[in-house]
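This report walks through a single protein chain, from its overall build down to a handful of individual residues. Please keep the sequence and the model at hand while reading.

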Amino acid sequence: MRVALVGTGAFGIKHLDALKNISDAEVTCVVSRELENVKDVAEKYNVPHYTTDFDEMLAMDDVDAVILCTPTQMHAEQTLQCLKAGKHVQVEIPLADAWKDAEEVLEVQKASGLVAMVGHTRRYNPSHQWVKKRIDAGELNIQQMDVQTYFFRRKNINALGQPRTWTDHLLWHHAAHTVDLFQYQTGSKVVKANAIQGPIHPELGIAMDMSIQLKAENGAICTLSLSFNNDGPLGTFFRYICDNGTYIARYDDLVNGKEEAIDVTNVDVSMNGIELQDREFIAAIKEGREARSSVANVIDCYKVLADLEKQLA
């Protein structure tokens with residue numbers, strides 16, 4: 001499968017590292033807005049073609065699929081362009097930052113018959129897969145998820161500490177991980193959702209703190225705290241409070257409620273959630289099936305986010 005990678009920031013590099021481990025995938029093109037940067041990345045990863053022109057990449061015959069690691073505000077439009085050009089597409093989270101755009105992507109994907117997948121990595125992390133497998137086996141049920149998404153980001157920088165040309169968002173980006181995971185793990189749609197946010201940052205124009213409550217149709221609840229003001233460990237930490245144990249997931253690692261490590265090394269073929277995500281993308285294309293985090297499978301998340309946005313407004 002010949003893949004183009006668009007966006008060579010922190011997450012784009014994670015995908016390039018992951019794709020090196022997938023024998024069925026070959027990166028044939030990288031795209032970025034800065035010529036010098038994309039040239040350096042292409043040389044480092046032995047990619048034969050690089051460009052700053054998105055349309056040039058879409059016209060290439062040796063690109064079957066595209067992975068988008070571009071700014072949030074470009075996700076929906078670029079996903080639509082890929083589908084209309086006949087390319088399978090994986091777009092990093094979030095699918096869109098408006099409900100109408102998410103709906104349009106779903107409509108176009110259905111008409112195209114192509115694989116369109118969203119980078120909801122939590123569905124693939126071995127830690128969360130371990131919990132999901134036990135739920136599916138009837139061994140436990142989630143009563144509450146308590147989630148903290150914390151960063152110290154009072155300036156517009158990315159995960160590598162580099163300046164960003166776009167603004168991140170607690171609701172449409174970071175909350176999307178948890179809203180989707182909560183519905184996925186419980187197998188139940190959110191029927192009630194509440195949100196409050198702190199002051200809007202005078203320069204960034206976004207809320208730096210947010211609190212979200214969710215209730216699923218099956219009765220499970222979720223409490224999500226998000227902040228760009230937390231001076232401490234960065235990332236998202238998930239506490240699963242279940243009827244048969246408590247589990248804490250930190251990306252690909254898992255411990256129980258007493259902080260005792262749980263072995264998740266045999267959950268899947270890799271311990272790297274991004275690699276597992278990319279493996280699913282390639283496999284879905286080759287097998288002609290829907291991906292685990294297809295647009296259709298994650299669309300309910302974006303309806304919840306849109307409803308929460310209305311509350312906050």
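What follows describes a predicted model, starting with the chain as a whole and then turning to selected sites and salt bridges.

**The chain as a whole**

In this predicted model, the secondary structure comprises nine helices and 13 strands. The radius of gyration is 19 Å, close to the 20 Å that the globule rule gives for 313 residues, so the chain is as compact as a globular protein of that length. Taken along the principal axes, the box filled by the C-alpha atoms is roughly 50 × 45 × 40 Å. Of the 313 residues, 55% count as buried, and among contacts between residues at least 6 apart in sequence, 67% join residues at least 24 apart.

The chain exposes about 14000 Å², and carbon and sulfur atoms supply 46% of that area. As for charge, there are 31 positive and 44 negative charges, whose mean positions lie 4 Å apart.

**Two buried residues**

V115 sits in the loop between α5 (99–112) and β6 (116–119), and it counts as buried because its relative accessibility is 9%, under the 20% cut-off. Beyond its neighbours within four places in sequence, V115 is in contact with H88, V89, F281, A284, I285, R289 and A291. The C-alpha atoms of V115 and G288 are 8.0 Å apart in space, although 173 residues separate the two in sequence.

D278 belongs to helix α8 (residues 273–287). Which side chain of opposite charge is nearest to the buried D278? The nearest is that of R279, 8.8 Å away, and D278 has no salt bridge. Leaving aside neighbours within four places in sequence, D278 is in contact with H15, A18, L19, I22, I67 and Q90.

**Backbone features in loops**

I93 and P94 are joined by a cis peptide bond, with omega at about 0 degrees; P94 is placed in the loop between β5 (88–92) and α5. Two residues that are not glycines have a positive phi, namely Y251 at about 55 degrees and E259 at about 65 degrees. Y251 lies in the loop between β12 (245–250) and β13 (253–256) and is partly exposed at 33% relative accessibility. E259 lies in the loop between β13 and α8 and is likewise partly exposed, at 44%.

**Salt bridges**

Side chains of opposite charge can pair when their charged atoms come close. In this chain the count comes to 14 salt bridges, including the three tabulated here.

| Salt bridge | N to O distance |
|---|---|
| K39 and E43 | 2.7 Å |
| E259 and R250 | 3.0 Å |
| R279 and E275 | 2.9 Å |

K39 and E43 are separated by about one helical turn, because they are four residues apart in helix α2 (residues 35–44). Both partners are partly exposed, K39 at 32% relative accessibility and E43 at 47%. E259, the loop residue with positive phi, pairs with R250, which is partly exposed at 31% relative accessibility.

R279 and E275 both lie in helix α8, four residues apart, or about one turn of the helix. R279 is partly exposed, with a relative accessible area of 28%, whereas E275 is buried at 6%. Elsewhere, salt bridges that share partners join E280, E287 and R289 into one network; R289 is also one of the residues in contact with V115.

How values were computed
Residues are numbered from 1 along each chain as its sequence is written. This is a predicted model: local features need pLDDT of at least 70, side-chain atom pairs count only at pLDDT 80 or more; totals for chains, interfaces and linings use all residues. Side-chain values use heavy atoms; hydrogens and water are left out. The radius of gyration is taken over C-alpha atoms; the globule rule is 2.2 Å times the number of residues to the power 0.38. Buried means under 20% relative accessible area, exposed over 50%, partly exposed in between (1.4 Å probe, protein chains only). Contact means heavy atoms within 4.5 Å. Accessible areas come from the Shrake-Rupley method with a 1.4 Å probe; for residues, only the protein chains shown count as cover. Lys and Arg count as positive and Asp and Glu as negative; His and the chain ends are not counted. The place of a charge is taken as NZ of Lys, CZ of Arg, CG of Asp or CD of Glu. A salt bridge is a side-chain nitrogen of Lys or Arg within 4 Å of a carboxyl oxygen of Asp or Glu.
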